[in-house]
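Please open the model in your viewer and keep the selection tool at hand, since the tour below moves from one selection to the next and says what can be found at each stop.

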Amino acid sequence: MQVAQLIAASAVAEVLAGHNLTVSMPKALRRVKSATPQQQAAAQDYSYLTLRLYAEAAAYLQALTAKPVTDARVHALLLVALSQLLHGAEDDFTVVNQAVEAAGKTGLRWAKGLVNAVLRNFLRQRSTLQAQVSQSETVQFNYPQWWIDTLKQQYPQHWQSILTVGNSHPPMTLRINQRKTDVASYMQALDDAGIAAQALGGTAIQLQQPLPVHKLPHFDQGWLSVQDAGAQWAVPLLDVQAGMRVLDACSAPGGKTCHLLEASDIDLLALDVEAERLRRVHDNLQRLGLQAKVRTGDAAKADWFDGQLFDRILADVPCSASGIVRRHVDMKWLRRPQDLTVFAQMQQQILLNLWHMLAKGGKLLYVTCSIFQQENEMQIQQFLTMHADAVRLPVQFDASGLPCQQSIGGQLLPTAAHDGLFYALLQKH
């Protein structure tokens with residue numbers, strides 16, 4: 001356990017210093033080359049647990065220490081251990097003993113004594129401390145106060161459920177590649193493999209328990225992809241028809257790109273600003289047996305555009321990722337209120353640019369994985385005031401049979417069945 005704690009502490013310390021967990025965790029794993037697969041998996045679990053419930057662990061640590069712990073590694077190790085004691089499945093004294101041993105690996109003489117004292121004091125004072133720290137909304141919900149306040153204002157009837165879902169474990173949902181199989185056949189394949197699942201509607205299947213993709217029948221043969229049920233709405237809403245020229249403007253890692261190609265025979269250009277991320281698009285296309293033009297380019301600029309207009313454009317734009325925070329637990333603590341303004345400006349630039357590339361009568365689907373209205377409804381309203389040739393078409397979340405447990409207009413609120421995404425369908429007149 002101590003190896004996993006040390007790896008998790010390294011990753012958490014990097015996140016608290018401002019780095020994404022998707023970068024920090026692989027970096028932390030590389031530092032401990034001797035870690036077994038089980039230790040690596042445990043380290044990932046500990047880091048996710050700690051960041052999901054960071055405000056709570058941080059509040060307890062502040063209450064237990066007379067002054068801040070200056071060493072980032074020891075500070076993060078204490079957060080990891082406190083998170084385990086608060087919400088982990090391991091025996092309390094095992095967690096403490098292993099954390100003390102892990103502290104000894106830092107090379108700091110004082111670390112073992114401090115970690116031992118803090119964690120044992122926590123066990124002795126737990127009930128008293130709980131009454132003290134639980135007064136704060138930040139601790140109650142494990143989100144920054146600005147995030148809580150924004151959702152209260154924008155979703156007065158739903159803010160608590162949104163926060164609760166964001167702290168839950170996300171489901172693992174599959175999208176069946178209808179060019180290679182169908183839902184009934186793949187459900188049978190899962191049953192034969194002893195994997196419990198349920199069909200959600202459309203081409204979506206949700207597993208009862210997440211598992212590595214290599215354990216899924218025929219994954220390497222391209223029978224399926226992993227994609228949230230909420231994200232699977234993009235293709236039916238965009239209404240692509242055979243022979244159309246289609247642009248996926250922010251395509252990496254390629255989930256919606258491939259879904260479009262699975263649904264219809266189209267001429268598709270997959271664009272993304274990051275060449276490195278486009279490798280994922282190439283890999284997914286190859287595995288699924290699909291073909292598309294793939295190009296590096298900035299959707300906010302036109303230097304890649306050949307002048308031939310598109311019949312359909314999918315603009316899955318960069319955003320705060322606030323609707324998928326249960327999958328990206330570090331986002332709660334990395335985002336700042338001013339980031340919403342920065343994202344909104346970027347999104348507006350992309351919309352303005354892509355609109356010129358859409359043919360008359362064509363449709364553009366604006367998508368974010370955000371729940372903040374600054375990036376969603378307010379963004380579209382601003383765009384419509386600037387473009388008399390833009391008409392907003394109704395978005396109906398009951399047309400294709402996909403799950404939709406809660407929506408407000410084009411906003412899918414996060415639920416147990418799907419992530420939080422926003423959809424706005426615009427047609428050019």
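Begin by selecting Lys293, which in this predicted model counts as partly exposed at 42% relative accessibility. Its side chain meets that of Asp267 in a salt bridge, with 2.5 Å from N to O. Because Asp267 belongs to strand β6 (residues 267-272) and Lys293 to strand β7, the pair ties together parts that are 26 residues apart in sequence. Asp267 also counts as partly exposed, with a relative accessibility of 29%.

Next, select Asp306 and Arg245, whose closest N and O atoms are 3.2 Å apart in another salt bridge. This pair links distant parts of the chain, since Asp306 is found in the loop between β7 (293-296) and β8 (310-316), while Arg245 is in strand β5 (residues 245-248), 61 residues apart. Is Arg245 buried or exposed? Arg245 has a relative accessible area of 11% and is buried.

For the third pair, select Asp419 together with Arg327, where the side chains meet in a salt bridge of 2.7 Å, N to O. Asp419 sits in the loop between β12 (411-412) and β13, and Arg327 in the loop between β8 and α15 (331-334), so that the pair ties together parts 92 residues apart in sequence. Now add Asp228 and Arg326 to the selection: salt bridges that share partners join Asp228, Arg326, Arg327 and Asp419 into one network. Within this group, Asp419 is buried, its relative accessible area being 3%, whereas Arg327 counts as partly exposed at 23% relative accessibility. As background to these stops, side chains of opposite charge can pair when their charged atoms come close. The structure as a whole holds 18 salt bridges.

Turn now to the cysteines, and select Cys369 and Cys319. Why is there no bond between the sulfur of Cys369 and the closest cysteine sulfur, in Cys319? The two sulfur atoms are 3.4 Å apart, which is too far for a bond, because a disulfide requires a pair of cysteine sulfur atoms within 2.5 Å. Cys369 is buried, with a relative accessible area of 18%. A search of the whole structure finds zero disulfides. Cys258, too, is in no disulfide, and the nearest cysteine sulfur, that of Cys250, is 16 Å away from it. Cys258 counts as buried, at 1% relative accessibility.

Backbone geometry provides the next stops. Select Ala252 and Pro253, which are joined by a cis peptide bond with an omega of about 10 degrees. Pro253 is located in the loop between β5 and α13 (255-263). Then select Asn142, a residue other than glycine with a positive phi, near 60 degrees. Asn142 lies in the loop between α8 (137-141) and α9 (145-154), and it counts as buried, at 3% relative accessibility. A further positive phi, near 65 degrees, is found at His218, again a residue other than glycine. His218 lies in the loop between β3 (204-207) and β4 (224-226), and is partly exposed, with a relative accessible area of 33%.

Now select helix α17 (residues 377-386), and show the side chains of Gln379, Ile380 and Phe383, which are buried. If you look down the axis of α17, its buried residues fall within an arc of 90 degrees, so they line one face of the helix. To see what covers the buried residues of α17, add elements including α16 (337-355), β9 (358-368), β10 (390-393) and β13 (421-428).

Finally, clear the selection and view the whole protein, which has 17 helices and 13 strands. Its radius of gyration is 23 Å, close to the 22 Å that the globule rule gives for 429 residues, so the protein is as compact as a globular protein of that length. Along the principal axes, the C-alpha atoms fill a box of roughly 70 × 50 × 40 Å. Of the 429 residues, 54% count as buried. Among the contacts with a separation of 6 or more, residues 24 or more positions apart account for 72%. If you display the surface, the protein exposes about 18,900 Å², and carbon and sulfur atoms supply 50% of it.

Definitions and conventions:
Residues are numbered from 1 along each chain as its sequence is written. This is a predicted model: local features need pLDDT of at least 70, side-chain atom pairs count only at pLDDT 80 or more; totals for chains, interfaces and linings use all residues. Side-chain values use heavy atoms; hydrogens and water are left out. Buried means under 20% relative accessible area, exposed over 50%, partly exposed in between (1.4 Å probe, protein chains only). Helices (H or I, at least four residues) and strands (E, at least two) are DSSP runs, numbered from the N terminus. The arc is that of the directions from the helix axis to the C-beta atoms. Contact means heavy atoms within 4.5 Å. The radius of gyration is taken over C-alpha atoms; the globule rule is 2.2 Å times the number of residues to the power 0.38. Accessible areas come from the Shrake-Rupley method with a 1.4 Å probe; for residues, only the protein chains shown count as cover. A salt bridge is a side-chain nitrogen of Lys or Arg within 4 Å of a carboxyl oxygen of Asp or Glu.
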